[in-house]
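Welcome to my notebook. I wrote these entries while looking through a structure that was new to me, and I hope they help you find your way around.

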Amino acid sequence: MLNPATGPVYVEGAEPGDLLQVKIISIDVEDKGIAAVVPGEGVLGDQVTKPIIRVIHVKDGCAVFHGVKLPIQPMIGVIGVAPKKEDGEWATDSPWKHGGNMDTKDIKAGSTLYFPVNQRGALLALGDCHAIMGDGEICFTGLEIPAKVTLEINLIKDKNIKWPLVETDEYTMVIASGDDLEDAVYEATSQAVGHIKDSLKIEWEDAYVLASLAVDLKISQVVDPKMTVRAAIPKYVVSTEKLIEDLTK
Ligand code: CA
C-alpha cells in the first residue's frame, strides 16, 4: 500500500464544525530510508528507462547520496482527518480538504496544522514521513523513512475552514489541492484572500491587492493524484491567532 497512515486517533469532544489544532512537537527519523524511481511516475516519468530503489543513510543530521550531504528536514507526508461524508472515500495516496497526502515540507517539527473536523472524533491519522524532500517531490518520492512523531492535539470549537492550514514561524499557509496546479492555486489563493479580508475587515478587492503584494504561492507537490500548493500569508499581515479568531462557524 502506498502512503500507509497510522490511526485513526479519536479526539474526545470533536464535532463537525470544529477545528482540530495539531502541533508537531518532534519527528525523530531512523538512520536509513529509501527513495525510488518508477517508470511513468514523477515530473519526468516519460524519461525514466528503469525502476530503481536507493537505500539512503542518515548520519549526523545529514542524508548522504552520491557523496552529497543533505541536511535533513523531517516532515510528515500524509496527515489528515476523516473526510466529510458527502466527499466520499479518499485513499491515503491523495490529498484533499481533509488533508491526506499533502506532501508539504512545512509540515515539520515546530509547525502547527489546522484541520476542519468533519466527523465526530475527528479521526486523525498520519504516516509517510520523509527525512527530506524538495518542493514538488519531483521524482515521486521523498527520502521515505520510518519515524516517531510526537504531537499535541487541541480542539477549537465552532470554527470552520475549507482547506487545511499550516502555521510556521513566519507564515500561515493555506494548503489546497486540485486536479492540476491552476485549480490548486485558485483554491489556495481564494482562501488566503478571504482570510485577509475577514481579519482586516477590508473590501475584498483590497484584500486581493494585499495578497498580491505579500502572499507567496509555493508548490508542495505535483506527483500525487491531486496536485498541492500553499498560499503563505505572512504573520505581519495577519497573525495566525487573529486569522483563526475571525473564522466563521
Ligand atoms: Ca507522500
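**Entry 1: the whole chain**

I started with a reminder to myself that this is a predicted model. I then asked how much of the protein chain counts as buried. Of its 249 residues, 48% do.

Next I looked up the secondary structure, and I found three helices and 16 strands in the protein chain.

For the overall dimensions, I noted that the C-alpha atoms fill a box of roughly 55 × 40 × 35 Å along the principal axes. I also checked the radius of gyration, which is 18 Å; a compact globule with 249 residues would have a value near 18 Å, so the two agree.

Then I turned to contacts with a separation of 6 or more, and 73% of them in the protein chain are between residues 24 or more positions apart.

**Entry 2: surface and charge**

The exposed area of the protein chain came out at about 12,400 Å². Carbon and sulfur atoms supply 53% of that area.

I looked up the charged side chains too, and there are 24 positive and 38 negative ones. The centres of these two sets lie 3 Å apart.

**Entry 3: the calcium ion**

Which residues hold the protein donors of the calcium ion? I listed N3 and N101, each through OD1, then D103, which appears twice through OD, and D128, also through OD. These donors lie 2.2 to 2.8 Å from the ion. Along the chain, their spacing reads N-x97-N-x1-D-x24-D.

I was pleased to see that N3 and N101 link distant parts of the chain, being 98 residues apart. N3 sits in the segment before β1 (5-9), while N101 belongs to strand β9 (residues 99-101). Both N3 and N101 are buried.

**Entry 4: backbone details**

I went looking for a cis peptide bond and found one joining G7 and P8, with omega at about 0°. P8 has its place in strand β1.

I also noted two residues with a positive phi that are not glycines. H66 has a phi of about 50°, and E137 has one of about 55°. H66 is in the loop between β5 (62-65) and β6 (68-71), whereas E137 is in the loop between β11 (124-130) and β12 (147-156).

Are they buried or exposed? H66 counts as exposed because its relative accessibility is 70%, and exposed means over 50%. E137 is buried, because its relative accessible area is 3%, and buried means under 20%.

**Entry 5: two residues I followed up**

I picked S26, which is in strand β2 (residues 19-29). S26 has 17% relative accessibility, so it counts as buried. What does S26 touch, not counting residues up to four places away in sequence? I found A109, K148, V149 and T150.

My other pick was K201, in the loop between α1 (181-200) and α2 (204-214). K201 has a relative accessible area of 61%, so it is exposed. Leaving aside neighbours within four places in sequence, K201 is in contact with I196, K242 and D246. I looked at D246 again: K201 and D246 are 45 residues apart along the chain, and their C-alpha atoms are separated by 9.7 Å.

How values were computed
Residues are numbered from 1 along each chain as its sequence is written. This is a predicted model: local features need pLDDT of at least 70, side-chain atom pairs count only at pLDDT 80 or more; totals for chains, interfaces and linings use all residues. Side-chain values use heavy atoms; hydrogens and water are left out. Helices (H or I, at least four residues) and strands (E, at least two) are DSSP runs, numbered from the N terminus. The radius of gyration is taken over C-alpha atoms; the globule rule is 2.2 Å times the number of residues to the power 0.38. Buried means under 20% relative accessible area, exposed over 50%, partly exposed in between (1.4 Å probe, protein chains only). Contact means heavy atoms within 4.5 Å. Accessible areas come from the Shrake-Rupley method with a 1.4 Å probe; for residues, only the protein chains shown count as cover. Lys and Arg count as positive and Asp and Glu as negative; His and the chain ends are not counted. The place of a charge is taken as NZ of Lys, CZ of Arg, CG of Asp or CD of Glu. Donors are N, O and S atoms within 2.8 Å of the metal (3.2 Å for Na, K and Ca); water is not among the atoms, so sites may look incomplete.
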